[in-house]
Structures are given as C-alpha cells and as structure tokens.
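Biologist: Thanks for sitting down with me. Could you take me through the charged pairs and how each label is earned?

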Amino acid sequence: MLRQINADERIAVKICNQRTSLSEGVMPSFDVRFIKTVCDDTGHEHRACQAMFKVDASSLTTAAQLAEADFCRQKGVRDWTIFADSIELRMPSAWGG
C-alpha cells in the first residue's frame, strides 16, 4: 500500500492495493518517508528521502499525523513542508521489508 501526500494538496495521490487487517487485533506498521524533489545540474528531477519513520497506527491518516509530528519535533519546525514536498506511507512489505 502506498499513499503519497503532497504538501500542496495533502490528499492521497497514489494508492497501491494491499490489505490491512485490523480484525486480528494487531496494530499495523507503516513506513513513512518524507520526500523532497530536487533538480541536478542538468535540470533532471530526483526524489530525495529527507527522513524515514516506522509508525504503528490504526490507519494511514493516523500514521501520517504521527510521522509529521515526529518529523517536526526532530527538525525543530512547525511545518514539515519546509524540508519535504510529499510524504509516502507504505506497509513495510511494500518496500520489501
């Protein structure tokens, strides 16, 4: 499952199918990446990971909120968009973890 939240839109941009089961009583874990798009000297864009967190949460929305708070606390800022353009949330198995 991938959910990308753009700083401008703050909505889901991509969602890849993978089921999350809460019925088993296990809190799902999410890997959360804060991404910044940067240009190289030839003008080509590249995505740079600014930070990555593992978050246990009951939903993607809660995972994003917890990760945003952790990121801001660690960077000493109020708004994560100073350092990143988007947030990606995935179940660890979606990244091969």
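Modeller: Gladly! Keep in mind that this is a predicted model. A good place to begin is Arg47, which forms a salt bridge with Glu88.

Biologist: What makes Arg47 and Glu88 a salt bridge?

Modeller: Their closest N and O atoms are 2.1 Å apart. The cut-off is within 4 Å, so the pair qualifies.

Biologist: Which parts of the chain does that pair tie together?

Modeller: Arg47 lies in strand S3 (residues 45–56) and Glu88 in strand S4, so parts that are 41 residues apart in sequence are tied together.

Biologist: Why is Glu88 called buried?

Modeller: Its relative accessible area is 3%, and buried means under 20%, so the label fits. Arg47, at 47% relative accessibility, counts as partly exposed, because exposed would need over 50%.

Biologist: What makes Arg90 a partner of Glu88?

Modeller: The closest N and O atoms of Glu88 and Arg90 are 3.8 Å apart; that is within 4 Å, so this is a salt bridge. Arg90 is buried too, with a relative accessible area of 17%. Through shared partners, Arg47, Glu88 and Arg90 join into one network.

Biologist: How do you know that Lys36 and Asp85 form a salt bridge?

Modeller: Their closest N and O atoms are 3.5 Å apart, and the limit is within 4 Å, so they count. This pair links distant parts of the chain, 49 residues apart: Lys36 sits in strand S2 (residues 29–39), and Asp85 in the loop between helix H1 (60–75) and strand S4 (86–90).

Key:
Residues numbered from 1 in each chain as written. Predicted model: local features only at pLDDT ≥ 70, side-chain atom pairs only at ≥ 80, totals over all residues. Heavy atoms only, no water. Salt bridge = Lys/Arg side-chain N within 4 Å of Asp/Glu carboxyl O. Helix = DSSP H or I, 4+ residues; strand = E, 2+ residues; numbered from the N terminus. Buried < 20%, exposed > 50% of the residue type's maximum accessible area, 1.4 Å probe, protein only.
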